[in-house]
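Work through these exercises with the structure open beside you. Try each task before you read its solution.

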Amino acid sequence: LLANNDEGQALELPYYADRSVQVEADGLSGFSGGAVVVEGSNDGVLYHTLNNDAGSPLTFAAGGLKQIMELVKFVRPRLTGAGATPKVKITLLLVKT
């Protein structure tokens with residue numbers, strides 16, 4: 001579970017071309033007014049917000065499920081703007097091609 005402004009552990013996923021991310025509130029505190037941003041990087045240092053299949057930034061202010069469009073080496077979640085006790089669960093589905 002991420003606290004406010006926490007970055008999740010980056011996963012190295014270069015062999016998975018098809019990816020989706022599901023984000024759900026875990027418990028009563030939920031997102032606590034914050035948002036989860038899904039970021040990607042090819043160098044593991046500089047991260048940028050990824051996009052969904054509609055070309056919109058991969059951000060979640062509530063639960064949802066979206067496809068990840070960019071094929072990057074590293075993917076991580078980041079929780080921003082949340083209150084003191086957010087509880088958010090993030091799940092990835094990856095398909096090796």
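**Exercise 1.** Which side chain meets Glu39 in a salt bridge?

Solution. This is a predicted model.
Step 1: Look for a nitrogen of Lys or Arg within 4 Å of a carboxyl oxygen of Asp or Glu.
Step 2: The side chain of Arg76 fits, with N to O at 2.7 Å from Glu39.
Step 3: Place the two residues. Glu39 lies in strand 3 (residues 35-41) and Arg76 in strand 7, so the salt bridge ties together parts that are 37 residues apart in sequence.
Step 4: Check the burial. Both Glu39 and Arg76 are buried.

**Exercise 2.** Find the salt bridge between Arg76 and Glu7, and explain why Arg76 counts as buried and Glu7 as partly exposed.

Solution.
Step 1: The side chains of Glu7 and Arg76 form a salt bridge at 3.3 Å, N to O.
Step 2: Glu7 sits in the segment before strand 1 (11-12), while Arg76 is in strand 7 (residues 74-80), so this pair joins parts 69 residues apart in sequence.
Step 3: Buried means under 20% relative accessible area. Arg76 has 12% relative accessibility, so Arg76 counts as buried.
Step 4: Partly exposed lies between that value and 50%. Glu7 has 48%, so Glu7 counts as partly exposed.
Step 5: Widen the view. A network of salt bridges links Glu7, Glu39, Arg76 and Arg78.

**Exercise 3.** Which residue forms a salt bridge with Glu12, and how many salt bridges are counted?

Solution.
Step 1: Lys73 pairs with Glu12, and their closest N and O atoms are 3.5 Å apart.
Step 2: Glu12 belongs to strand 1, and Lys73 to the loop between strand 6 (64-68) and strand 7, so the pair ties together parts 61 residues apart in sequence.
Step 3: Compare each value with the limits. Glu12, at 47% relative accessibility, counts as partly exposed. Lys73, at 32%, also counts as partly exposed.
Step 4: Take the total. The count comes to 4 salt bridges.
Step 5: Recall the principle. Side chains of opposite charge can pair when their charged atoms come close.

**Exercise 4.** Describe the secondary structure, then the sheet that holds strand 2.

Solution.
Step 1: Count the elements. There are 0 helices and 8 strands. Along the sequence the pattern reads β-β-β-β-β-β-β-β.
Step 2: Trace the sheet. It is open, has 3 strands in the order 6-2-8, and its pairing is antiparallel.
Step 3: Find the edges. Strand 6 and strand 8 (88-96) each pair on one side only.
Step 4: Take the angle. Neighbouring strands of this sheet are turned by 20° against each other on average, direction ignored.
Step 5: Zoom in on one pairing. Strand 2 (residues 16-25) and strand 6 share 5 bridges. Val21 stands opposite Lys66 in strand 6.

**Exercise 5.** Which residues of the largest nonpolar core touch the most other members?

Solution.
Step 1: The core has 13 residues.
Step 2: Val21, Val38, Leu50, Leu58 and Phe60 touch the most other members.
Step 3: Locate the contributors. Strand 2, strand 3 and strand 7 are the elements that give two or more residues to this core.
Step 4: Set the core against the whole protein. Buried residues make up 34% of the 97 residues.
Step 5: Look at the contacts. Of those with a separation of 6 or more, 76% join residues 24 or more positions apart.
Step 6: Finish at the surface. The protein exposes about 5500 Å², and carbon and sulfur atoms supply 52% of that area.

Notes:
Residues numbered from 1 in each chain as written. Predicted model: local features only at pLDDT ≥ 70, side-chain atom pairs only at ≥ 80, totals over all residues. Heavy atoms only, no water. Helix = DSSP H or I, 4+ residues; strand = E, 2+ residues; numbered from the N terminus. Buried < 20%, exposed > 50% of the residue type's maximum accessible area, 1.4 Å probe, protein only. Contact = heavy atoms within 4.5 Å. Areas by Shrake-Rupley, 256 points an atom, 1.4 Å probe, with all protein chains shown as cover. Pairing = 2+ DSSP bridges. Axes fitted to C-alpha atoms, helices over the stretch in contact; angles between N-to-C directions. Core = buried A, V, L, I, M, F, W, Y, C linked by side-chain atoms within 4.5 Å.
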